[in-house]
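Here are my notes on the model you sent over. Have it open while you read.

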Amino acid sequence: MTDELRDEYDVVVVGGGAAGLNGALMLARSRRSVVVVDAGAPRNAPAAGVHGLLAREGMSPAELLARGRAEVRSYGGSVVDGEVATATRDGDGFTVGLADGRTTRARRLLVTTGLVDELPDVPGLRERWGRDVLHCPYCHGWEVRDQAIGVLACGPMAVHQALLFRRLSADVVLFAHTEPAPAGEQAEQLAALGIPVVTGRVAGLELAGDRLVGVRLADGTVVERQAVTVQSRMVARTGFLAGLGLTPVPHPSGMGEHLAADATGRSDVPGVWVAGNVTDLAAQVGAAAAAGASAAAQVNHDLVVEDTRRAVAAARQPLGV
């Protein structure tokens, strides 16, 4: 089910994940005309369930989004399937163009398009992503507790990731892959917790049917593992914002690229707010939803200020002029 795209809205929300839908819910409850334009490619689609979200523990991502869409519509908001291709300044608002040629106008934009996980070039990682190839101990760690876990080093957070997963299993191995083997304090930490380091480039994953059973090194050695964790490089989905001069910048953590914003979600472009993983790369579903609600409240406040200013100006205008 998708709604018809109208010519104009108070707010166009670009992206229909937890941040976008919760933002739209807040705006619709404030009696704002709001539409969520969603391309239908949620980051967590491969996951079996959402975890760490109070009262929704284990719910499938698809069901969570379906419920969110229904709640937005119940307050008069709209949800439209489509991919936003362009956003350009149009007077004191914006024109939003979809990839299929449809357009609409918005007084404000709330961008919640999330991010793309860029994985190392190792055969099998993408195919197993969200199943037994994981990245977050809080999102998926419980599901692989007490299993043989391999941590694939591909960035500065590899040792930290190994330490986190060691809380969940006594059998954790760090694969140095293309990174230097940890030294100094990091090596001491790994040794103290019984986390061995395997050097040598990882060539791929070993499967038995539809089950991960090991990590294969370039020299042919196979290390038995039941799950592999990897630190993806996370890049915000923002190509459609180029016309507004909004482009991703390196995240301070070194984890990837995000859209910079202040604490309220306000971007560097007046009238554009951002929320969720597009700006906070590490946000889980609950944090993303909360950020969407917070940013939406700021958007509504900004519109109230503008509406009030216009009403005062109109009230001061002499009758008949």
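The points below go from the whole chain to one helix and then to two single residues.

1. First, a caveat: this is a predicted model. The protein has seven helices and 19 strands, and its C-alpha trace spans about 85 × 40 × 35 Å along the principal axes.

2. On packing, buried residues make up 48% of the 321 residues. Of the contacts with a separation of 6 or more, 58% are between residues 24 or more positions apart.

3. If you care about the surface, the protein exposes about 15300 Å², with carbon and sulfur atoms supplying 53% of that area. As for charge, there are 30 positive and 36 negative ones, and their mean positions sit 5 Å apart.

4. Now for helix α2, which runs over residues 61-74. From the first C-alpha to the last, its 14 residues reach 20 Å, close to the 20 Å expected at 1.5 Å a residue. Just after α2, G76 has a positive phi of about 95 degrees.

5. Which residues of α2 are buried? They are P61, L64, L65, G68, R69, V72 and R73. Looking down the axis of α2, these buried residues fall within an arc of 165 degrees, so they line one face of the helix. The general background is that an α-helix has 3.6 residues a turn, so residues three or four places apart point the same way. Note that two arginines, R69 and R73, are on the buried list.

6. What covers that buried set in α2? The cover includes two helices, α1 (18-29) and α7 (285-316), along with the strands β2 (34-38) and β3 (78-81).

7. D10 is worth a click: this residue lies in strand β1, residues 8-14. Is D10 buried or exposed? D10 counts as buried because its relative accessible area is 13%, under the 20% cut-off. Leaving aside neighbours within four places in sequence, D10 is in contact with R32, S33, A106, R107, R108 and L303. So among the contacts of this acidic residue you'll find the arginines R32, R107 and R108.

8. For the opposite case, go to G209, in the loop between β12 (202-208) and β13 (211-217). G209 has a relative accessible area of 71%, which means it passes the cut-off of over 50% for exposed. Want a distance to check in your viewer? Try the C-alpha atoms of G209 and A263: the two residues are 54 apart along the chain, and those atoms are separated by 47 Å.

Methods:
Residues are numbered from 1 along each chain as its sequence is written. This is a predicted model: local features need pLDDT of at least 70, side-chain atom pairs count only at pLDDT 80 or more; totals for chains, interfaces and linings use all residues. Side-chain values use heavy atoms; hydrogens and water are left out. Helices (H or I, at least four residues) and strands (E, at least two) are DSSP runs, numbered from the N terminus. Buried means under 20% relative accessible area, exposed over 50%, partly exposed in between (1.4 Å probe, protein chains only). Contact means heavy atoms within 4.5 Å. Accessible areas come from the Shrake-Rupley method with a 1.4 Å probe; for residues, only the protein chains shown count as cover. The place of a charge is taken as NZ of Lys, CZ of Arg, CG of Asp or CD of Glu. The expected span of a helix is 1.5 Å times one less than its number of residues. The arc is that of the directions from the helix axis to the C-beta atoms.
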